[in-house]
Amino acid sequence: MALDVLSMAPNYQGLAIHRIPMKTGLVTAEPIKALVPSKSKLNTIEAKRIMSVLDEAIHKVELVTLMSYIEYHPEALDEMVPEDLVTAIREHLNISQALLESASIVQEKQKQLEEEDEDIEESWGRDRLLSVEIHKSDLWPMTHQFRDSTKAVLRLLLSNPQGARLLQIQAPGRSPAAQCLLDCLVELRGFLFEKLLTSPMELKEKNQFIQDITRRNERNQEVIDGLQAELAKVLKSKESEVEKENFVIQELKNHLHQVFKFSENSLLRTKQEAEKQQKMDYRASQARLAKIQQDILALRSQFHNLVMENREVEQALRKKKYKVETEIENWIQKYDMEMSEKQEEYEDLESIHKEEKLQLEELKERHAVLVEEFSQIRTESEINSKKRVEAEREMVRMVKAATLIQAVWKGYLVRSMLRSRKKKRGKGKGKEKGKEKKGKGKKK
C-alpha cells in the first residue's frame with residue numbers, strides 16, 4: 001500500500017485533511033429512528049481505545065501523505081521545521097526514492113518477462129524469473145528501512161506538533177490516491193463509530209427492521225407490477241377511445257364545414273333583408289322626427305311659463321331662508337356663549353378632580369403603608385402571643401419538673417435520715433455488747 005501511495009504523481013488540488021469532516025454514517029433528510037443508534041457517545045473504555053487508535057492512525061496517515069509535497073518542494077523544509085526533523089525527512093525521501101526506483105525496475109522486468117514468456121526457452125526463462133525473485137527479495141530490506149524511517153519521521157512530527165501544523169498549512173493538498181485513502185479511513189471511522197454505538201439489541205432491531213423493509217418492498221413491488229399491468233390495459237383502452245373520438249371529431253369538422261357554407265348563404269340573404277328593413281325604418285324615423293320637433297316647441301313654451309312661476313316662488317323661499325339663517329346664527333352665538341361658560345366650569349371641576357385624585361393617591365399610599373405596618377404589627381403580635389404561650393407552657397413544665405425534683409429530693413433526705421438513725425442505733429447496741437464482754441473477762 002505504501003508503494004502504491006508513493007508511486008502516485010502528486011496533485012495538490014484537494015483540501016487539507018484537517019478540513020475533512022468526520023463522517024459518522026449516511027445522513028438523510030429525515031433519519032429513520034430504527035437505523036439511528038440511541039447513544040451519541042462511547043461509554044466503554046475498549047470502544048474509546050479503539051477509536052483513539054483509529055484517530056491516531058488517521059493523523060499519522062495525514063502526516064505521511066504530505067511527504068510527496070516535501071519531495072517536490074524541498075525548499076520548504078528549511079523554513080518550517082528544525083534540523084533533526086529536516087535530516088530525518090530527507091533520509092526518508094532518499095529511501096523512498098530508492099525503493100520506488102527498485103520497485104519500478106522489478107515491475108518492468110516482470111512486464112518484459114510476461115511479454116517474452118512464449119518466445120524464450122525454459123532455462124532462460126527460469127534464470128529471468130530467478131533474477132526477478134532476487135530483486136524482489138532485495139526489496140524487503142528497503143521496505144523495512146522505509147518503514148523504520150517512516151516511524152522515525154512520524155515520531156519526530158508528533159513530538160514537534162508546531163512543525164507538523166506548519167507542514168499541514170504549507171502543503172496545499174495531496175495526491176488523488178492519498179486523498180482517497182484518507183477519505184476511506186474517515187468513512188471507516190464513521191462506520192466503526194456507528195458500529196460501536198450500536199448495542200446488540202439495537203443491531204437485532206435494525207436487522208429486523210431491514211427485513212421488514214425488504215418484505216414490504218417486495219409486496220410494494222408486486223402491487224406496482226399489478227398497477228403497471230392495469231395501467232397498460234387502461235392506456236390501451238384509452239388509445240382506442242382516443243381513436244374513436246378522433247374519428248368523431250373528423251366527422252364533426254366535415255359537418256361544421258358544410259354548416260359554414262350554408263351560413264354564408266343565409267348571411268347574404270339576411271344582409272339584403274336588413275338593408276330593406278333599414279330603408280323602411282329610416283322613412284318612419286323621419287316622420288317621427290318631425291312630430292317630435294313639434295312636441296319640443298310646445299314643451300319649450302310650457303317650460304318658459306313654469307320658469308316664470310318658479311322664480312316668484314324662489315324669491316319668497318329666499319326671504320324665508322334668510323330669516324331662518326339669521327335666527328340660526330343668533331342661536332349659535334347663544335350656544336357658543338353657554339358652551340364657553342360650561343367649558344370654564346368643566347375646567348374648574350377638572351382641576352378640582354385632579355387635586356382630589358392626587359390627594360386620593362397620597363391617601364392610598366398612606367393606607368398601603370398603614371396596611372403593611374398593621375400586617376407587621378399583627379404578625380409580631382401573633383409571634384409574641386405564640387412565644388408567650390410557649391413560655392407559659394415551658395414555665396408550667398419547669399414548675400412540674402421542679403416539684404417533682406423537690407419531692408424526689410425530700411424523699412431522698414428522709415430516707416438518708418432514716419438510714420443514719422438506724423446506723424446510730426446499731427452502733428449503740430454494739431458498744432453495749434462489747435462493754436458486757438469486757439466486764440465478764442475482768443470477772444474471770
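In this predicted model, E314 is partly exposed, its relative accessible area being 36%, and its side chain meets that of R318 in a salt bridge with an N to O distance of 2.8 Å. R318, in contrast to a buried residue, counts as exposed, at 51% relative accessibility, a value that lies over the 50% cut-off for that class. The two residues belong to helix α9, which spans residues 200-443, and because they are four residues apart in this helix, E314 and R318 are separated by about one helical turn.

A further pairing within helix α9 involves R397 and E394, which are three residues apart, again about one turn of the helix. The closest N and O atoms of this salt bridge are 2.3 Å apart. Both partners are partly exposed, R397 with a relative accessible area of 48% and E394 with one of 37%.

These pairs belong to a total of seven salt bridges held by the structure, among which is also that between the side chains of R189 and D55, with an N to O distance of 2.4 Å. Here R189 is located in helix α8 (residues 176-197) and D55 in helix α2 (residues 45-64), so this salt bridge ties together parts that are 134 residues apart in sequence. The accessibility of the two partners was also computed: R189 counts as buried, at 14% relative accessibility, because the limit for that class is under 20%, whereas D55 is partly exposed, with a relative accessible area of 29%.

Turning to nonpolar packing, the largest nonpolar core comprises 12 residues, namely L63, L66, M67, L85, A88, I89, L93, V153, L154, L157, A164 and L167. Three helices, α5 (83-115), α6 (122-159) and α7 (161-170), each supply at least two residues of this core, and the largest share, four residues, comes from α5. Within the set, A164 is in contact with L63 and L157 when its neighbours within four places in sequence are left aside. A second core, separate from the one just described, consists of five residues, including L42, A47, M51 and L197.

Notes
Residues are numbered from 1 along each chain as its sequence is written. This is a predicted model: local features need pLDDT of at least 70, side-chain atom pairs count only at pLDDT 80 or more; totals for chains, interfaces and linings use all residues. Side-chain values use heavy atoms; hydrogens and water are left out. A nonpolar core is a set of buried Ala, Val, Leu, Ile, Met, Phe, Trp, Tyr and Cys residues joined through side-chain atoms within 4.5 Å. Buried means under 20% relative accessible area, exposed over 50%, partly exposed in between (1.4 Å probe, protein chains only). Contact means heavy atoms within 4.5 Å. A salt bridge is a side-chain nitrogen of Lys or Arg within 4 Å of a carboxyl oxygen of Asp or Glu.
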